[in-house]
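Work through the exercises below with the model open. Each task is followed by a solution in steps.

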Amino acid sequence: MPLVYCGACSHAPGITARAERADTQTRQALHGALHKMGDDIRAARPDALVVVAAEHFANFFMNNMPAFAIGMADSYEGPIEDEAFLRIKRTRVPGNKALSRRLIEGVMQTVDVAYAEEWKFDHGISVPLRFLTPDYDLPIIPANINCQGPPLTPLKRAWAFGEALRAAADAVPERIAMVAPGGISHWPATPDSGKINEKWDREFLARWATNDRDALLSYTDAETCRDGGQGGFEVRTFIAAAAAAKGAKGTIEFCEPVPVFAASCTAARMQLAA
Amino acid sequence: MSLYQVQKLIYQLNRDPRTQERFLRERDAVLVEYELTEEERAAIVAPDIGLLYVLGVNGQLLMHFAALHKIEWLDYLERMRQGLKQHGQVREGVYASTGYEGVEAHDARLKAERETG
């Protein structure tokens, strides 16, 4: 079946870990936007949700770092973080090993992807799921792009991964939804935590919404690090989602800089053809 | 090479409850499995978040490591700032500090910008 939903959002740990420190109105608006995203995903009646993430050393390390990985298990655990810190209870989340395998076989036709029969979620997946599928009742298929340990996956390859995921999703009989939680500008987990380049974020999202491939792929890592910080490397997940939308345009449903959450908090979706 | 070993140990500690238990019960036996300098070993044991930051530990590893030690968020940020004062700039990696006005001043600036339209 053609992909039934394609979106992108923030995964900043502060959204749950420091929830009460944000202005109430802003927090409620953000939570509302993420809950709406969950409602929209459910309305698309998916059989599984592919989460294209930018994980932070929960599974992959510099001893054997894949440019891309996809989970292939019937369940996953997360979050790895201290529960009191992240304020998300550690739990088991359903997967679908057989479906994962077919999707991986599809992706492998054009992109060399590592597969993983074990996968622990960190805030990069657990924070979005806390809002999108709070009952953990939808099978999740985790995917990852190396946004953390240089040398990083090139942007044009993140695009190719998105295209490959789309082709694989379209080729299976199941209804597949995709969400890509990443980051735009941020300087996470450093003394600069809270710094946000709102102008850069809005420019990136404008390129995303018009699904302008050349403009999305024109950033160098040096420019991204200068203008968007280390966290800006996570634009790769947004880029994969844009590619998966196959030319569809996007809508930015929410985007506000929230310094205490250390990011421009975002919820966005591509308007896929019915 | 050595920073790699520091980060590898933190990676295992962050993600694996069994390594966490072993670290509590038989810390030295865990530590000898990694090629660490005396400075790195002491920084992990303390834990000296400021020094680990300056040594170049990736923030995404360090943040989880601090949370594992129940170090509160603002305290975590302050320890990194103190580390910079004591030990100078970050020596390796991409998590160097670039300067920031701080969340309170930033919030006030955003509020003022919204009010003036």
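**Exercise 1: a bridge and its strands**

Task: which residue of β10(A) is the bridge partner of A:Gly7?

Solution. In this predicted model, A:Gly7 has A:Arg269 as its bridge partner in β10(A). Next, place the bridge in its strands: β1 (residues 5-10) and β10 (residues 263-270) of chain A pair in the antiparallel sense, over 3 bridges.

**Exercise 2: the sheet and its helices**

Task: find the order of the strands in the open sheet of chain A, then state which are the edge strands.

Solution. The open sheet has 8 strands with mixed pairing, in the order β6-β3-β7-β2-β8-β1-β10-β9. β6 (114-116) and β9 (250-258) of chain A each pair on one side only, which makes them the edge strands by definition. On average, neighbouring strands are turned by 15° against each other, direction ignored.

Now add the helices. Helix α2 (residues 24-43) of chain A packs on this sheet and touches β1, β2 (48-53), β8 (176-182), β9 and β10 of chain A. The direction of α2 makes about 150° with that of β9(A). Helix α4 (residues 97-107) of chain A also packs on the sheet, touching β2, β3 (68-71), β6 and β7 (140-145) of chain A. Its direction makes about 155° with that of β3(A).

**Exercise 3: the contact between chains**

Task: describe the side of chain B that touches chain A.

Solution. Start with the totals: the contact takes 30 residues from chain B and 29 residues from chain A. Elements of chain B giving two or more residues are α1 (2-15), α6 (59-68), α7 (73-87) and α8 (103-115). The largest share, 8 residues, comes from α6(B). Finally, sort this side by class: 16 nonpolar, 10 polar and 4 charged residues.

Key:
Residues numbered from 1 in each chain as written. Chains lettered and ligands numbered in written order. Predicted model: local features only at pLDDT ≥ 70, side-chain atom pairs only at ≥ 80, totals over all residues. Contact = placed C-beta atoms within 7 Å. Helix = DSSP H or I, 4+ residues; strand = E, 2+ residues; numbered from the N terminus. Nonpolar A, V, L, I, M, F, W, Y, C, P; charged D, E, K, R; others polar. Pairing = 2+ DSSP bridges. Axes fitted to C-alpha atoms, helices over the stretch in contact; angles between N-to-C directions.
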